[in-house]
Amino acid sequence: MTDKKSETRSAAIAAGIILLVATALLYLMPNVIVWLGAVSPWLGTGFGVLVILAFFLVFWLRARYQRRNKR
């Protein structure tokens, strides 16, 4: 068995990385959407949808991984 403290630390590090990446992406998202929207409104909309879906996809994949490994 793994150490409980090690598991907690690993989860905290993963959450911190996810939070930092999501914050950076959501901070830059409006500028990228405006830039892509100047080319095509569909590109801007598609990028916005993909960013939001990616945010939830990360948590869905993590939950699936933890369920598979019975954590």
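These legends go with several close-up views of one predicted model.

Residues are numbered from 1 along each chain as its sequence is written, and side-chain values use heavy atoms, leaving out hydrogens and water. Since this is a predicted model, local features need pLDDT of at least 70 and side-chain atom pairs count only at pLDDT 80 or more, while totals for chains, interfaces and linings use all residues.

**View 1. The whole chain, before we zoom in.** Two helices and zero strands make up the secondary structure of the protein chain. Helices (H or I, at least four residues) and strands (E, at least two) are DSSP runs, numbered from the N terminus. Along its principal axes, the C-alpha atoms fit a box of roughly 55 × 20 × 10 Å. The radius of gyration is 17 Å, whereas a compact globule of 71 residues would come out near 11 Å; this radius is taken over C-alpha atoms, and the globule rule is 2.2 Å times the number of residues to the power 0.38. About 6200 Å² of surface is accessible, and carbon and sulfur atoms own 72% of that. Accessible areas come from the Shrake-Rupley method with a 1.4 Å probe, and for residues only the protein chains shown count as cover. Buried residues account for 11% of the 71 residues. Here, buried means under 20% relative accessible area, exposed means over 50%, and partly exposed is in between (1.4 Å probe, protein chains only).

**View 2. Helix α1 and its kink.** With 36 residues, α1 reaches 51 Å from its first C-alpha to its last, close to the 52 Å expected at 1.5 Å a residue. That expected span is 1.5 Å times one less than the number of residues in the helix. Where does α1 have its kink? Look at Met-29, shortly before the proline Pro-30: the kink there is about 40°. The bend at a residue is the angle between axes fitted to the seven residues ending there and the seven starting there. Val-21 also sits in α1, which covers residues 4-39, and its 52% relative accessibility makes Val-21 exposed.

**View 3. Where the two helices meet.** Which residues of α1 are buried? They are Ile-18, Ala-22, Met-29 and Leu-36, and they pack against α2. On the other side, α2 has Gly-44, Gly-48 and Val-51 as its buried residues, and these pack against α1. Contact means heavy atoms within 4.5 Å. Val-21 and Leu-61 are 40 residues apart in sequence, with their C-alpha atoms 16 Å apart in space.

**View 4. A cluster of phenylalanine rings.** Phe-55, Phe-56 and Phe-59 are linked into a cluster by ring pairs. How many aromatic pairs does the structure hold? There are two. Phe-55 and Phe-56 are edge-to-face, because their ring centres are 5.6 Å apart and their planes stand at 80°. Phe-55 and Phe-59 are edge-to-face too, with ring centres 5.3 Å apart and planes at 75°. Rings of Phe, Tyr and Trp (its six-membered ring) pair if their centres lie within 6.5 Å; planes under 30 degrees apart count as stacked, over 60 as edge-to-face and the rest as tilted. About one helical turn separates Phe-55 from Phe-59, because they are four residues apart in helix α2 (residues 41-68). Phe-55 is partly exposed at 33% relative accessibility, Phe-59 is partly exposed at 40%, and Phe-56 is exposed at 53%.

**View 5. Helix α2 and what follows.** α2 has 28 residues and reaches 40 Å between its first and last C-alpha, close to the expected 40 Å. After α2 comes Lys-70, whose phi is positive, near 50°.
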